[in-house]
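Open the model in your viewer and keep the sequence panel beside it. This tour tells you what to select, stop by stop.

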Amino acid sequence: QVQLVESGGGLVQAGGSLRLSCAASGSILRINRMGWYRQAPGKQRELVAGITSGGTTNYADSVKGRFTISRDNAKNTVYLQMNSLEPEDTAVYYCHARDRDERLVEWNHWGQGTQVTVSP
């Protein structure tokens with residue numbers, strides 16, 4: 001099993017910055033992708049940014065140029081640097097990890113979520 005623990009959420013004014021962290025533990029050797037999703041009230045959970053084990057990244061169009069995802073393999077931690085935050089970025093942010101077992105079945109793992117609130 002993979003455990004994910006997020007930190008770094010909070011309240012910030014528009015134009016400000018926050019950095020989210022997600023520490024992975026447990027059966028981490030088979031993780032092939034990690035990322036961040038978010039869910040605003042009344043909306044579906046959406047991908048914000050992802051990074052593969054090889055370092056390839058992808059971003060939602062709405063955050064390109066403002067958010068940066070990175071990983072520290074030595075610390076088994078993924079970061080999301082969020083700059084130029086907008087009220088529309090307000091949501092619960094969830095860390096996500098995908099791994100593959102010995103039968104090549106892929107599994108999704110989720111953190112508990114961290115609230116990000118951007119005031120106008």
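The stops below go from the whole chain to single strands and residue pairs.

**Stop 1: the whole chain**

Show everything as a cartoon. Bear in mind that this is a predicted model. How many helices and strands does the chain have? The count is zero helices and eleven strands. Read from the N terminus, the order is β-β-β-β-β-β-β-β-β-β-β. The radius of gyration is 14 Å, close to the 14 Å that the globule rule gives for 120 residues, so the chain is as compact as a globular protein of that length. Along its principal axes, the C-alpha trace spans about 50 × 30 × 25 Å.

**Stop 2: surface and interior**

Switch to a surface view. The accessible surface of the chain is about 6,500 Å². Carbon and sulfur atoms account for 48% of that area. Of the 120 residues, 40% are buried. Now colour by charge. You should find 13 positive and 11 negative side chains. The centres of these two sets lie 3 Å apart.

Next, think about contacts along the sequence. Take those between residues at least 6 apart: 54% of them join residues at least 24 apart.

**Stop 3: strand E4**

Go back to the cartoon and select residues 31-39, which are strand E4. Is E4 largely enclosed or largely open? Seven of its nine residues are buried, so E4 is largely enclosed by the rest of the structure.

**Stop 4: the partners of E4**

Add residues 91-100, strand E9. E4 and E9 pair in the antiparallel sense, over eight bridges. To see one of these pairs, pick Gly35 and its bridge partner in E9, His96.

Now add residues 46-52, strand E5. E5 runs antiparallel to E4 and is joined to E4 by six bridges. Here, pick Arg33 and its bridge partner in E5, Thr52.

Follow the backbone from E4 into E5. The two strands form a hairpin with six residues between them. Stop at Gly42 in the turn, where phi is positive, at about 80 degrees.

**Stop 5: the E7–E8 hairpin**

Select residues 67-72 for E7 and residues 77-82 for E8. These strands are antiparallel and pair over six bridges. Which residue in E8 is the bridge partner of Ile69? Click on Leu80 to find that partner.

Finish in the turn. Four residues lie between E7 and E8 in this hairpin. Among them is Asn76, which takes a positive phi near 50 degrees.

Methods
Residues numbered from 1 in each chain as written. Predicted model: local features only at pLDDT ≥ 70, side-chain atom pairs only at ≥ 80, totals over all residues. Heavy atoms only, no water. Rg over C-alpha atoms; globule rule 2.2 N^0.38 Å. Buried < 20%, exposed > 50% of the residue type's maximum accessible area, 1.4 Å probe, protein only. Contact = heavy atoms within 4.5 Å. Areas by Shrake-Rupley, 256 points an atom, 1.4 Å probe, with all protein chains shown as cover. Lys, Arg positive; Asp, Glu negative; His and termini not counted. Charge placed at Lys NZ, Arg CZ, Asp CG, Glu CD. Pairing = 2+ DSSP bridges.
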